[in-house]
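Me: I should like to learn how to read the features of a structure. Could you guide me through one example?

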Amino acid sequence: MKQLPGRTRPRWQQQLISGLVVGLGLVVMAALLPIVLPIMLIAGLLAALALIPILRQLRNELEQLDQVQRKSSKRIPMDVTPWQRKMWDRWKSSLNRNL
């Protein structure tokens, strides 16, 4: 790529500026780390606590499915559509009925 005409900074000046920007970024990150890290840890803890009932329900459903499949000889089809897709489809079908 051709250099546009005009005055350019010397290479050492460009490297000095980029080094200062990187150093300033590291200082800012080191200063914010004690503030951000506890917030991230608390958010992770809350997310883990929110997952406990979901995982418990999933385990119960899997155990029930396993018991049903042990009793019957053929595989039982199961709807594995995600809940958000079910809601979207239900909403679209209600719109189509109203038209």
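Reply: Certainly. Helices are DSSP runs of at least four residues, numbered from the N terminus. The model before you is predicted.

Me: Where do Trp88 and Trp91 lie?

Reply: Both belong to helix H2, which covers residues 83-98. Three residues separate Trp88 from Trp91, about one turn of the helix.

Me: How many aromatic pairs are there?

Reply: Rings pair if their centres lie within 6.5 Å, and planes that are neither under 30 degrees nor over 60 degrees apart count as tilted. By this rule there is one aromatic pair. Trp88 and Trp91 form this tilted pair, with 5.2 Å from centre to centre and 40° between the planes.

Me: Are these two residues, Trp88 and Trp91, buried or exposed?

Reply: Buried means under 20% relative accessible area and exposed means over 50%, with partly exposed in between. Trp88 has a relative accessible area of 43%, so this residue is partly exposed. Trp91 has 46%, and therefore Trp91 is partly exposed as well.

Me: What is the span of helix H1 from end to end?

Reply: The expected span of a helix is 1.5 Å times one less than its number of residues. H1 has 61 residues, and a straight helix would reach 90 Å, but the end C-alpha atoms of H1 are only 77 Å apart.

Me: Where does H1 bend?

Reply: The bend is at Leu33 and comes to about 50°. A proline, Pro34, follows within four residues.

Me: Which residues of H1 could I examine for accessibility and distance?

Reply: Leu65 lies in H1, and so does Val68. Leu65 has a relative accessible area of 22%, so Leu65 counts as partly exposed. Val68 is also partly exposed, at 41% relative accessibility. From C-alpha to C-alpha, Leu65 and Ile17 are 63 Å apart, with their positions 48 residues apart along the chain. For Val68 and Leu46, the separation is 22 residues in sequence and 34 Å in space.

Me: How is empty space found, and what is the volume of the largest pocket?

Reply: Rolling a probe the size of a water molecule over the atoms shows where empty space is left. The largest pocket here has a volume of about 340 Å³. Helices H1, residues 11-71, and H2 are the elements that give two or more residues to its lining.

Me: Which element gives the most to the lining of the largest pocket?

Reply: H1 does, with five residues. The lining includes Ile54, Leu58, Pro82 and Lys86. By type, the lining residues divide into seven nonpolar, two polar and three charged.

Terms used: Residues are numbered from 1 along each chain as its sequence is written. This is a predicted model: local features need pLDDT of at least 70, side-chain atom pairs count only at pLDDT 80 or more; totals for chains, interfaces and linings use all residues. Side-chain values use heavy atoms; hydrogens and water are left out. Rings of Phe, Tyr and Trp (its six-membered ring) pair if their centres lie within 6.5 Å; planes under 30 degrees apart count as stacked, over 60 as edge-to-face and the rest as tilted. Buried means under 20% relative accessible area, exposed over 50%, partly exposed in between (1.4 Å probe, protein chains only). On a 1 Å grid over the protein atoms alone, a cavity is a set of points where a 1.4 Å probe fits but cannot get out, and a pocket is an open set with protein on both sides within 12 Å along at least five of seven lines; lining residues have an atom within 4 Å of a point. Grid points are joined across faces, edges and corners, and a volume is the space filled by probe spheres set on the points. Ala, Val, Leu, Ile, Met, Phe, Trp, Tyr, Cys and Pro count as nonpolar, Asp, Glu, Lys and Arg as charged, and the others, Gly among them, as polar. The bend at a residue is the angle between axes fitted to the seven residues ending there and the seven starting there.
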